[in-house]
Amino acid sequence: MQSYRHLLVVIVLIIAGWGLTRLWVHPPVADGQGASNLATAVLFGASFPDSAGQTQAIKQWQGKILVVNFWATWCPPCLEEMPELSKLNETYKSQNVAVIGISTDDVAKISAFSKKSPVSYPLLAGDFEAMNLGERLGNNKGALPYTVIVRPDGTIANTYFGRISQSLLEETLLPLIKASDSSH
C-alpha cells in the first residue's frame, strides 16, 4: 500500500513539474486585449507550405487585419466553421482583411482536403509547428480550432478558443475595419 502512495506522489510531482516547466519555458500570452508584439513577430517570421506544397511566408499578409485560424482535418468544429470563414474572407477581402488557415496536418492531408472542400482563403500545412505557433499566440489550452485576429499594426486584437461564427468575428473585425478606413 505504501509503495502505491509513493508511486502516486512521484507521478503527481512529475506532472506538476512538467506543468510548471511549460509555463516557465512558454508563458501564455494574454488573450484578446493586446498580447505581446513578440508573439506576432514570431507569426510574421513563420512560413508554411500551402495545399500545393509552395512555401508561403506569413509576412505577405502583414499590414492587413489578419484572421489566423488554427485547425485540423480531423476536427469537426474546425470543419463546421470553415464555410463561415470562407464567406468572411470573400465579404471583407477588399477592406484589408485576410483569412488564413494553418493546419496541424501535413501538406498531403490539406491538399486532399482542399480538393474535396475548397475555401476562399489559403490553407497552410503547419504540422507540429502550427501548435507551437498557436501556443505562442495565446493558445495555452492546446485547443482546436483556435482563432487569432491581428490588427494591421501587428498587435493581437482578440483570440477565440473553439468554434467561431462570422457574426462573432465581425464583433472584432468591424471596429478594426472602421478604424483602418478612417486612418487612410
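This is a short dialogue on reading a predicted model, from its overall fold to two residues and a helix pair.

Student: Where should I start with this predicted model? What does the secondary structure of the chain come to?

Tutor: Start with the elements and their order. The chain has six helices and seven strands, and along the sequence they run α-α-β-β-β-α-β-α-β-α-β-β-α.

Student: What share of the 184 residues counts as buried?

Tutor: The buried share is 42% of the 184 residues. For the outside, look at the exposed area: the chain exposes about 9800 Å², and 59% of that is supplied by carbon and sulfur atoms.

Student: How do I read the contacts between residues at least 6 apart in sequence?

Tutor: Ask how far along the chain the partners lie. Here, 64% of those contacts join residues at least 24 apart. Ala72 offers a local example: Thr104 is 32 residues away in sequence, yet the two C-alpha atoms are 5.4 Å apart in space.

Student: Where is Ala72 placed, and is Ala72 buried or exposed?

Tutor: Ala72 sits in the loop between strand S3 (65-71) and helix H3 (76-92). Burial is judged by relative accessibility, with the cut-off for buried at under 20%. Ala72 has 0%, so this loop residue counts as buried.

Student: Which residues is Ala72 in contact with, leaving aside neighbours within four places in sequence?

Tutor: Its partners are Cys78, Leu79, Ser103, Thr104, Asp105 and Leu144.

Student: Let's move into H3. Is Ser86 buried or exposed?

Tutor: Ser86 belongs to helix H3. Its relative accessible area is 13%, and therefore Ser86 is buried. Not counting residues up to four places away in sequence, Ser86 touches Val119, Ser120 and Tyr121.

Student: At what angle do H3 and H6 pack?

Tutor: For a helix pair, take the angle and the axis distance together. H3 and helix H6 (residues 166-182) pack at about 25°, and their axes are 11 Å apart.

Student: Why is H3 called roughly parallel to H6?

Tutor: The label follows from the angle: those under 35 degrees count as roughly parallel. The pair packs at about 25°, so H3 is roughly parallel to H6. Their crossing is right-handed.

Student: Which residues make the contact?

Tutor: H3 contributes Glu84, Leu85, Lys87, Leu88, Thr91 and Tyr92, while H6 contributes Gln166, Leu169, Glu170, Leu173, Leu174 and Ile177.

Student: How do the residues of the contact of H3 with H6 divide?

Tutor: Sort them by side-chain class. Seven are nonpolar, two are polar and three are charged.

Conventions: Residues are numbered from 1 along each chain as its sequence is written. This is a predicted model: local features need pLDDT of at least 70, side-chain atom pairs count only at pLDDT 80 or more; totals for chains, interfaces and linings use all residues. Side-chain values use heavy atoms; hydrogens and water are left out. Helices (H or I, at least four residues) and strands (E, at least two) are DSSP runs, numbered from the N terminus. Buried means under 20% relative accessible area, exposed over 50%, partly exposed in between (1.4 Å probe, protein chains only). Contact means heavy atoms within 4.5 Å. Accessible areas come from the Shrake-Rupley method with a 1.4 Å probe; for residues, only the protein chains shown count as cover. Axes are lines fitted to C-alpha atoms, for helices over the stretch in contact, and angles run from 0 to 180 degrees between N-to-C directions. Angles under 35 degrees count as roughly parallel, over 145 as roughly antiparallel, 65 to 115 as roughly perpendicular and the rest as oblique. A crossing is left-handed if the near helix is turned anticlockwise from the far one by less than a right angle, and right-handed if clockwise. Ala, Val, Leu, Ile, Met, Phe, Trp, Tyr, Cys and Pro count as nonpolar, Asp, Glu, Lys and Arg as charged, and the others, Gly among them, as polar.
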